[in-house]
Amino acid sequence: MHLRFAASALAILLATALPAGAADVYAPYDPNPAEPAPAAYDYGGADFVFELGLGGAYQPDYLGSDDYEGSFYPIFSVEYLNLPGLGSFGGPDGRGFSIGPSFKYIGERDGGDLFGLDKVDDTYEIGLKASYTWDYAEVYGAVRYAFGGAEGVTGDIGANLIVRPTDRIELKAGPTASLASSDYMGDYFSVSPEEFVRSGGRFDVYEAEGGFQSVGVKASARYEVITDWFVTADASWERLVSDAGDSPVVTKAGDDDQFYFGLGLSKRFSLDLF
């Protein structure tokens, strides 16, 4: 009898509990539930995701200058690339390993306080940049070939801490350093005997060797104004070091502190290639 009573009580309890459980699943009692977290950017079937845009910069007239000028620069970065049989680079919202082009422009060096020194035409640098990005940090490196005014090989290495206060805002900041080959450093920082004579002895004869060119700090802020449209602000301070910082070109007529400010607008594109 006790067994039949216990079974009957259990059946009544289940009968009353199940509807309540169903009500909890289909009709939550919380009148103001929290919104679900936004999903990561979905590439869909795209094989190639990149950004293209244009920016404006305020930077030294030339490498080592204490005068500044405005210029424009292209924005192009690869966020994701899928190559059948070879694998993929990048990941959701740019996380993971990525590789893409690297560009830099340095204005003409001529006249002014540099009387007696050789003119150096506009220098253009083009190469590749590779990076690996986690949720809260990234490391990167770039190597470029320079041509035009100065020739040689140059590049950058650095790391950033990353903060994303919202799904549309990304803030980065961290240390950076640049390196250059001997011929590149020589074009900007060496002083030949002929230049020494032409300058009336103001610029001592000097031979710059390759190695570290500068160290500093870079920071950026990026805001997705509307879907796939971005505004990016960049700023940096770099100090010329080693043979670059000790050059008479810098100590007599320039500044070893180099500042940079940039503002750009870009758009994300997705292509299904394969």
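Where is Asp47 found? Asp47 sits in the loop between helix H1 (2–26) and strand E1 (48–60). The model is predicted.

## Overall make-up

The protein chain holds five helices and eleven strands. Of its 274 residues, 35% count as buried. The chain exposes about 15,600 Å². Carbon and sulfur atoms supply 64% of that area. Contacts reach far along the sequence: among those between residues at least 6 apart, 62% join residues at least 24 apart.

## Asp47: a buried acid without a partner

Asp47 is buried yet has no salt bridge. The nearest side chain of opposite charge belongs to Arg268, 15 Å away. What does Asp47 touch, leaving aside residues up to four places away in sequence? Its contacts are Tyr80, Leu81, Asn82, Leu271, Asp272, Leu273 and Phe274.

## Salt bridges

The structure holds 13 salt bridges. Three of them are set out here.

| Pair | N to O distance |
|---|---|
| Glu79 and Arg268 | 3.3 Å |
| Asp228 and Arg268 | 3.0 Å |
| Arg239 and Asp257 | 2.7 Å |

Arg268 meets the side chain of Glu79 in a salt bridge. Glu79 lies in strand E2 (residues 68–83) and Arg268 in strand E11 (residues 257–271), so the pair ties together parts that are 189 residues apart in sequence. Are these two side chains buried or exposed? Glu79 counts as buried because its relative accessibility is 9%. Arg268, at 6%, counts as buried too.

Arg268 also forms a salt bridge with Asp228. This pair again links distant parts of the chain. Asp228 lies in the loop between E9 and strand E10 (229–240), while Arg268 lies in strand E11, 40 residues apart. Both Asp228 and Arg268 are buried.

The third pair joins Arg239 to Asp257. Arg239 belongs to strand E10 and Asp257 to strand E11, with their positions 18 residues apart in sequence counted as the separation. The two ends of this bridge fall into separate burial classes. Arg239 is partly exposed, at 34% relative accessibility. Asp257 is buried, with a relative accessible area of 19%. The cut-off explains the label: buried means under 20% relative accessible area, so Asp257 falls within that class.

Some salt bridges share partners. Glu138, Arg164, Glu170 and Lys172 are joined in this way into one network.

## Strand pairing: E7, E8 and E9

How many bridges join strand E7 to strand E8? Nine bridges join E7 (residues 152–166) to E8 (residues 169–180). The two strands run antiparallel. They form a hairpin with two residues between them. Within this pairing, Ile157 stands opposite Ala177 in E8.

E8 also pairs with strand E9 (residues 211–226). The sense is again antiparallel, over twelve bridges. Here Gly174 stands opposite Lys218 in E9.

## A strand residue and its neighbours: Leu52

Leu52 has its place in strand E1. Its relative accessibility is 45%, so Leu52 counts as partly exposed. Leu52 and Val78 are 26 residues apart in sequence. In space, their C-alpha atoms are 9.1 Å apart. Which residues does Leu52 touch, not counting those up to four places away in sequence? The contacts are Ile75, Phe76, Ser266, Lys267 and Phe269.

## A nonpolar surface patch

Seven names make up a nonpolar patch on the surface: Phe103, Tyr124, Ile126, Val143, Tyr145, Phe147 and Val153. Together they have about 640 Å² of accessible area. Strand E5 (123–133) and strand E6 (137–148) are the elements that give two or more residues to the patch. E6 gives the most, with three residues.

Val143 is one of the patch residues. Val143 lies in strand E6. Its relative accessible area is 47%, so Val143 is partly exposed.

How values were computed: Residues numbered from 1 in each chain as written. Predicted model: local features only at pLDDT ≥ 70, side-chain atom pairs only at ≥ 80, totals over all residues. Heavy atoms only, no water. Helix = DSSP H or I, 4+ residues; strand = E, 2+ residues; numbered from the N terminus. Buried < 20%, exposed > 50% of the residue type's maximum accessible area, 1.4 Å probe, protein only. Lys, Arg positive; Asp, Glu negative; His and termini not counted. Salt bridge = Lys/Arg side-chain N within 4 Å of Asp/Glu carboxyl O. Contact = heavy atoms within 4.5 Å. Patch = residues over 30% accessible without salt bridge, like charges linked within 9 Å, V, L, I, M, F, W, Y side chains within 5 Å. Areas by Shrake-Rupley, 256 points an atom, 1.4 Å probe, with all protein chains shown as cover. Pairing = 2+ DSSP bridges.
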